[in-house]
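Here's a quick walk through one protein chain, meant to be read with the structure open beside it. We'll start with the overall layout and then look at charges and loops.

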Amino acid sequence: MEPPAAKANVEVAINAIEITNAFIATTLNHKQYNTYGNPIEVVLSPPMLHIHDNLYLDEREIEFSMIRAQGSGGQNVNKVSSAVHLRFDVGQSSLPEECKTSLRELSDRRLSKDGVIVIKAQSFRSQEKNRADAIERLLLLIRSALQERTLRKPTRPTRASQRRRVQRKSLHGEVKRLRAKVADFH
């Protein structure tokens, strides 16, 4: 008789093989069956981008278009579309409402009046690196909108700092007066 721990290890191994086979089946686009002959239903979660704590962004909400990069690049520049235009509609996204409003309130030139963020990435020669750069810049923009800004507490200058300021002003005025032309007294 097999000990229960060994039986559990065998079942875990069989499940791991089934998951691997299911992944292969989805990439090869054919049906996969487990060891008992039952079809396996594969549910793949969408690619999610981590923004902050429990906040994630579905990558399917981002629209990419590939364009030709500007600037010099030799003979290859007119044949390859390596630059990336990223478009992200803030209003249609799955972000929480407070995040959407803080994004809309940003005074950033990449945010249009319609609430669409447009980021152009063309720093790299490969499309994949430019795409990753555009995504990273979008995430940085969203993270900066989520940061709470501390309001400045108004303070009064101390009496000593006021005295130092007046002394600096009078000294600077004296230096300027000495630069003036000397008048002839005959």
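## Layout and confidence

Going along the sequence, the protein chain runs α-β-β-β-β-α-β-α-α. That pattern comes from four helices and five strands. Keep in mind that this is a predicted model, so a word on confidence belongs up front. The mean pLDDT of the protein chain is 80, with 72% of its residues at 70 or more. Where is confidence lowest, and where is it highest? The low end is helix α1 (residues 4–28), with a mean of 50, while α4 sits at the top with 95. As for burial, the protein chain has 186 residues, and buried ones make up 22% of them.

## Salt bridges

How many salt bridges does the structure hold? The count is seven. The general idea is simple: side chains of opposite charge can pair when their charged atoms come close. Three of these pairs are set out here, each with its N to O distance.

| Acidic partner | Basic partner | Closest N and O atoms |
|---|---|---|
| E97 | K100 | 3.6 Å |
| D133 | R137 | 3.3 Å |
| E136 | R143 | 3.7 Å |

Take E97 and K100 to begin with. Both belong to helix α2 (residues 97–104), and they are three residues apart, or about one turn of the helix. Are these two partners buried or exposed? E97 is partly exposed, because its relative accessible area is 48%. K100 has a relative accessibility of 7%, so it counts as buried, the cut-off being under 20%.

Next come D133 and R137, which share helix α3 (residues 127–146) and are four residues apart, again about one turn of the helix. R137 is partly exposed, at 25% relative accessibility. The pair E136 and R143 is also joined by a salt bridge. E136 has a relative accessible area of 38%, which makes it partly exposed, and R143 falls in that class too, with 27%.

## From α3 across to β5

R137 is worth a second look, this time for what lies across from it in space. How far apart are K120 and R137, C-alpha to C-alpha? They are 17 residues apart in sequence, and their C-alpha atoms are 9.7 Å apart. K120 is part of strand β5 (residues 116–121), and at 29% relative accessibility it counts as partly exposed.

After β5, the chain enters the loop between β5 and α3, which is where you'll find S123. This serine is exposed, with a relative accessible area of 58%. Which residue, 39 residues away along the chain, has its C-alpha atom 9.8 Å from that of S123? It's V84.

## A loop residue with positive phi

Over in the loop between β1 (48–52) and β2 (55–58) sits D53. Its phi is near 35 degrees, a positive value in a residue other than glycine. D53 counts as exposed, since its relative accessibility is 54% and the cut-off for exposed is over 50%.

## A positive patch

Last stop: the surface charges. Which residues form the positive surface patch? They are R164, R165, R168 and K169. K169 belongs to helix α4 (residues 159–179), the element where confidence is highest, at 95. Why can K169 be part of such a patch? Patch residues need over 30% relative accessible area and no salt bridge, and K169 is exposed at 54%, so it clears the area cut-off.

How values were computed. Residues are numbered from 1 along each chain as its sequence is written. Side-chain values use heavy atoms; hydrogens and water are left out. Patches are made of residues with over 30% relative accessible area and no salt bridge: like charges are joined within 9 Å, nonpolar side chains (Val, Leu, Ile, Met, Phe, Trp, Tyr) within 5 Å. Accessible areas come from the Shrake-Rupley method with a 1.4 Å probe; for residues, only the protein chains shown count as cover. A salt bridge is a side-chain nitrogen of Lys or Arg within 4 Å of a carboxyl oxygen of Asp or Glu. Lys and Arg count as positive and Asp and Glu as negative; His and the chain ends are not counted. The place of a charge is taken as NZ of Lys, CZ of Arg, CG of Asp or CD of Glu. Helices (H or I, at least four residues) and strands (E, at least two) are DSSP runs, numbered from the N terminus. Buried means under 20% relative accessible area, exposed over 50%, partly exposed in between (1.4 Å probe, protein chains only). pLDDT is the predictor's confidence in each residue, from 0 to 100.
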